[in-house]
Structures are given as structure tokens and as C-alpha cells.
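Biologist: I would like a close look at one part of this model, with the cut-offs stated as you go.

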Amino acid sequence: MAAAGWGPERRVRRKREGRRTGVNGFTSSFFLVNFLLQLLGFSSGQYLERRVDMDVAVFWRNQALAAPRCSYTRIDCYNKALARDSGYLAARCELADVYYELGITYGHRDLFRAAADCLEAAAALEPDDPEIHRRLGRVYFLLRDFDGSRRELERTRALSPQANPVPGP
């Protein structure tokens, strides 16, 4: 049995008086939190929009992982993921790896200009990776761009002093 004043007659009385019915003040708390978030510059709508963007980015990353390795389909999916959420670190790193592997593949096929383009894209995504700069320096050397080669090999040395930028045979 309900305690006095807490049964169904209380709910009816609250409705008649025009009060909002909420569970433990949930309704008023929600409005207060929403108001405070808006004061801070974050509305609940912005949060939901950000959440949707993150979910779409995860979808495109999963599509990229299902695509063939070193393919432009994979690159396109990663770019769509990063267009939705530019701070998605996993997609950014994986896209840099795809560009790096594609650059190496082009280099093995003596397509040095395409290799340089892919390695430049990888370097733009991962500017602190000395291996990308070392490979890019070697490709520039093969393209007879000696200034670019020197710049990239010096960058390799600056990023990793113990690394040998031009490994011997």
C-alpha cells in the first residue's frame, strides 16, 4: 500500500495543479543541464551532431578496412572518415600507412613520380615519421631532385639521429 500522499491521488492532484510530472525532478534537471551547456557553448544538439559524425567516421573506417590493401577504394573510405571527424587518429594513421605502402609499391615498379606523390601524402599525415622521409628522400634522388632529397634526408636525421638515412648494401 502506498504511503499517505504518495499514491495515485497525488499524481492526479499534481496534474490538476498544472505541475510538470517528472521522476525525481528529472525534467527540471534536464532543462537546467541543457541551459548550462548552452551557456558554455555546447548545446545537446551539437553533442548529438558530433556523435553522429563520429559514428559515420567509424562506419567509413570499417569500410576502408574491408577494402583491398593499398587501393584507392581504401584511401577514399579513409578520406570520407576524416571528412566527418578530422581528429580521428586511427583513420589518419592507417591512411598514412596506405599511402606509404602504395608509395613503396610504385617505387618497386619504377613509377617514381607516383611514389613521390603517395609518400608526400603520407608525410603530410604523419610528419614525424622518419621512415617516410627517408623513403621520400630516396625517391627524390631517383627523380634527380637533389635539393628535395637532401631536405628529406636531413629531416630524417633530425627526427631520428641514430637512424642511417641511406642504408648500405
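Biologist: What covers the buried residues of helix 7?

Modeller: The cover of the buried residues of helix 7 includes helix 5, helix 6 and helix 8. Before the details, some conventions. This is a predicted model, in which local features need pLDDT of at least 70 and side-chain atom pairs count only at pLDDT 80 or more, while totals for chains, interfaces and linings use all residues. Residues are numbered from 1 along each chain as its sequence is written, and side-chain values use heavy atoms, with hydrogens and water left out.

The chain has eight helices and zero strands; helices (H or I, at least four residues) and strands (E, at least two) are DSSP runs, numbered from the N terminus. Buried residues make up 28% of the 169 residues in the chain, where buried means under 20% relative accessible area, exposed over 50%, and partly exposed in between (1.4 Å probe, protein chains only). Of the contacts with a separation of 6 or more, 40% come from residues 24 or more positions apart; contact means heavy atoms within 4.5 Å.

Helix 7 (130-142) has 13 residues and reaches 19 Å from its first C-alpha to its last, close to the 18 Å expected at 1.5 Å a residue. The expected span is 1.5 Å times one less than the number of residues. The residues of helix 7 that are buried are Ile132, His133, Arg134, Leu136, Gly137, Val139 and Tyr140.

Helix 6 (112-125) is part of that cover. Its 14 residues should span 20 Å and its end C-alpha atoms are 20 Å apart, so the two values agree. Ala115, Ala116, Cys118, Leu119, Ala122, Ala123 and Leu125 are buried in helix 6, and these buried residues pack against helix 4 (72-84), helix 5 and helix 7.

Helix 5 (89-108) also belongs to the cover of helix 7. For its 20 residues the expected span is 28 Å, and the end C-alpha atoms lie 29 Å apart, which agrees. Buried in helix 5 are Ala91, Glu94, Leu95, Ala96, Val98, Tyr99, Tyr100, Leu102, Gly103 and Tyr106. One of them, Tyr99, touches Ile75, Asn79, Cys118, Ala121, Ala122 and Leu125, not counting residues up to four places away in sequence.

Tyr99 also appears in the largest nonpolar core: of its 27 residues, Ile75, Tyr78, Ala91, Leu95 and Tyr99 touch the most other members. Helix 3, helix 4, helix 5, helix 6 and helix 7 each supply at least two residues of this core, and helix 5 gives the most, with eight residues. A nonpolar core is a set of buried Ala, Val, Leu, Ile, Met, Phe, Trp, Tyr and Cys residues joined through side-chain atoms within 4.5 Å.

Helices 5, 6 and 7 each supply at least two residues of the lining of the largest pocket as well. That lining consists of Gly103, Ile104, Gly107, His108, Phe112, Leu119, Arg135, Arg138, Val139 and Leu142. A pocket is an open set of points on a 1 Å grid over the protein atoms alone, where a 1.4 Å probe fits, with protein on both sides within 12 Å along at least five of seven lines; lining residues have an atom within 4 Å of a point. The volume of the largest pocket is about 170 Å³, taken as the space filled by probe spheres set on the points, which are joined across faces, edges and corners. By class the lining has five nonpolar, three polar and two charged residues; Ala, Val, Leu, Ile, Met, Phe, Trp, Tyr, Cys and Pro count as nonpolar, Asp, Glu, Lys and Arg as charged, and the others, Gly among them, as polar.

Two loops complete the picture. Asp110, in the loop between helix 5 and helix 6, has a positive phi near 60° although it is a residue other than glycine; at 54% relative accessibility, Asp110 counts as exposed. Asp129 sits in the loop between helix 6 and helix 7 and, at 27% relative accessibility, counts as partly exposed.

Last comes the segment after helix 8 (146-159), where Ser160 is found. Ser160 is buried, with a relative accessible area of 10%. The C-alpha atoms of Ser160 and Asp129 are separated by 8.8 Å, at 31 residues apart along the chain. For Ser160 and Glu131, 29 residues apart, the C-alpha separation is 9.2 Å.
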